[in-house]
Amino acid sequence: MEISQEQINLVNNRIHALVKAESFYGKKLEEAGIESIATAEDFRKLPFSEKSDLRDAYPLGLMTVPEEEVVRIHSSSGTTGLPVIIPYTQKDVDDWATMFARCYAMAGVTNKDRVQITAGYGLWTAGIGFQAGAEKLGAMTVPMGPGNTEKQLQMMQDMKSSVLCATSSYALLLAEEIQKRGVADKLYLRKGIIGSERWGQKMRDRISKELGIELYDIYGLTEIYGPGIGISCKYDKGIHYWDDYVYIEIIDPETLQPLPDGEWGEIVITTLVKEGAPLIRYRTHDISRIIPGECPCGSKYPRLDVIGGRTDDMIKIKGVNVFPKQIEEILQEFPELSSEYQIRISHLDGKDTMRIYVETNGTVDFLDMARRVAAKVKSRIGFTPLVKVVEIGLLPRSMKKTKRVIDERYE
Ligand code: ZN
């Protein structure tokens, strides 16, 4: 999606604020001699920002307003080294709640709903975001926080909670407990807002079926407000994101060049109105694509596809970047195949080869099946893999994380 003139004006406001505050990014801009941008081409020349920049600014180096305007900080969980501290102004907090309320509305949640929030409250952005958005919408919140399944189920019944906000793994755990106790018919749940993890279609189907609810995917990251910058709609055809608050581009993580709509790559986000810690061209390392065309729901907000992993999952083969999600999408177009697959990459006789193992049942011509899958991969991604078809049940299975990509080149 090309950046609009309106978005460019907003970016210029952020550039001025960053330079004035002498933030890490302001300094980057000064070094590059950039004071403002006029065109989409200028925008594409702006330097990227990275998590390491944010870490280097610890604790409050990202602050882009005078301290008296900061009302809150959040922190992203630092798996390695220092965490990242994000300062928020009152406007940032309000904007985030507005975006989040929009997410609930997109999911069909109203002020008559009762929203049970099982995400964590505290430094992390999840719980408080779900809370503020639901309050803004006027719904009744049940702020449970994580864990204590016994109490969750009790409140769910007594409060007649109609919306469950949870991670996919916790939603699955609750679904299993509900089934075990046989209390499903005592519940009033109708929707689930599920955030922050990558989850497969199987898990989604299971949660949806066992709880009897519609599920919505919410997207966001602490560096950019938190969850709530986008959500899937009832047609479940990608995640609508709020392009009046964020500008999203998809780049090739190797060449760093922007990719056209429809192509898979890394999500890069620019905040358009954030005050406390504006970010420009922030590399998320999340993989997705912008879905071209209009959604059947009629919403004008653009769409990201479901998050297809991290840039670390990228495979470079014969000079082409491939993401497991792309292969998965192609395989899903063949109803004869099961949902299981395995990708193996190896280096043989000086050449990279990809083998894709898929499963089908005995009524299908295996050779013909393999040819059709290979042809589709060739036409979509640009190289021909070796496709091996096996009987259903032969590929390894596990409920949690099945390792689907095996790169033998580095073993
Ligand atoms: Zn839609």
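This passage walks through the zinc site, two helix packings and a few backbone oddities of a predicted model.

The zinc ion is a good place to start. Four side chains hold the metal: Cys233, Cys295 and Cys297 each contribute their SG atom, while His240 comes in through NE2, with distances of 2.1 to 2.3 Å. Seen from the zinc ion, the 4 donor atoms are spread at angles of 100 to 115 degrees, so the arrangement is tetrahedral. For reference, the ideal angle for four tetrahedral donors is 109.5 degrees. Along the sequence, the donor residues follow the spacing C-x6-H-x54-C-x1-C. Cys233 and Cys295 are 62 residues apart, and the pair links distant parts of the chain. Cys233 sits in the loop between β8 (226-232) and β9 (239-241), whereas Cys295 belongs to the loop between β13 (290-291) and β14 (303-304). Neither of these cysteines shows much surface: with a cut-off of under 20% for buried residues, Cys233 qualifies because its relative accessible area is 3%, and Cys295 does so at 4%.

Turning to the helices, α8 takes part in two packings. Its partner in one of them is α9: here residues 168-181 (α8) and 201-211 (α9) pack with their axes 9 Å apart, at an angle of about 40 degrees. The two helices are therefore oblique to each other, and α8 passes α9 in a left-handed crossing. On the α8 side, the contact involves Ser168, Ser169, Ala171, Leu172, Ala175, Glu176, Ile178 and Gln179. From α9, the residues taking part are Met203, Arg206, Ile207, Glu210 and Leu211.

The other packing brings in α7 (residues 149-158), whose axis comes within 11 Å of that of α8 and crosses it at roughly 75 degrees. That angle makes α7 roughly perpendicular to α8. Thr149, Glu150, Gln152, Leu153 and Met156 supply the α7 side of this contact. They meet Tyr170, Leu173, Leu174, Glu177, Ile178 and Arg181 of α8. Ile178 thus turns up in the contact with α9 and again in the contact with α7.

Next come the backbone oddities. Most residues other than glycine have a negative phi, and most peptide bonds are trans. Against that background, the bond from Tyr58 to Pro59 stands out: this peptide bond is cis, with omega near 0 degrees. Pro59 itself is part of the loop between α4 (51-56) and β1 (70-76).

Two residues other than glycine carry a positive phi. In Tyr225 the value is about 70 degrees, and this tyrosine lies in the loop between β7 (214-221) and β8. The residue is buried, because its relative accessibility is 0%. For Asp349, phi is near 50 degrees, and its place is the loop between β17 (341-348) and β18 (351-360). Asp349 is exposed, however, since its relative accessibility reaches 78%. The positive phi values therefore occur in one buried setting and one exposed setting.

Lastly, a look at α6 (residues 126-137), the helix that contains Ala132. With 24% relative accessibility, Ala132 counts as partly exposed. Pro47 is 85 residues away from Ala132 along the chain, and the C-alpha atoms of the two are separated by 33 Å.

Conventions
Residues numbered from 1 in each chain as written. Predicted model: local features only at pLDDT ≥ 70, side-chain atom pairs only at ≥ 80, totals over all residues. Heavy atoms only, no water. Donors = N, O, S within 2.8 Å, 3.2 Å for Na, K, Ca; no water. Tetrahedral: all angles 85-135°; square planar, octahedral: opposite > 155°, others 65-115°. Helix = DSSP H or I, 4+ residues; strand = E, 2+ residues; numbered from the N terminus. Buried < 20%, exposed > 50% of the residue type's maximum accessible area, 1.4 Å probe, protein only. Axes fitted to C-alpha atoms, helices over the stretch in contact; angles between N-to-C directions. Parallel < 35°, antiparallel > 145°, perpendicular 65-115°, else oblique. Left-handed = near helix turned anticlockwise from the far one by under 90°. Contact = heavy atoms within 4.5 Å.
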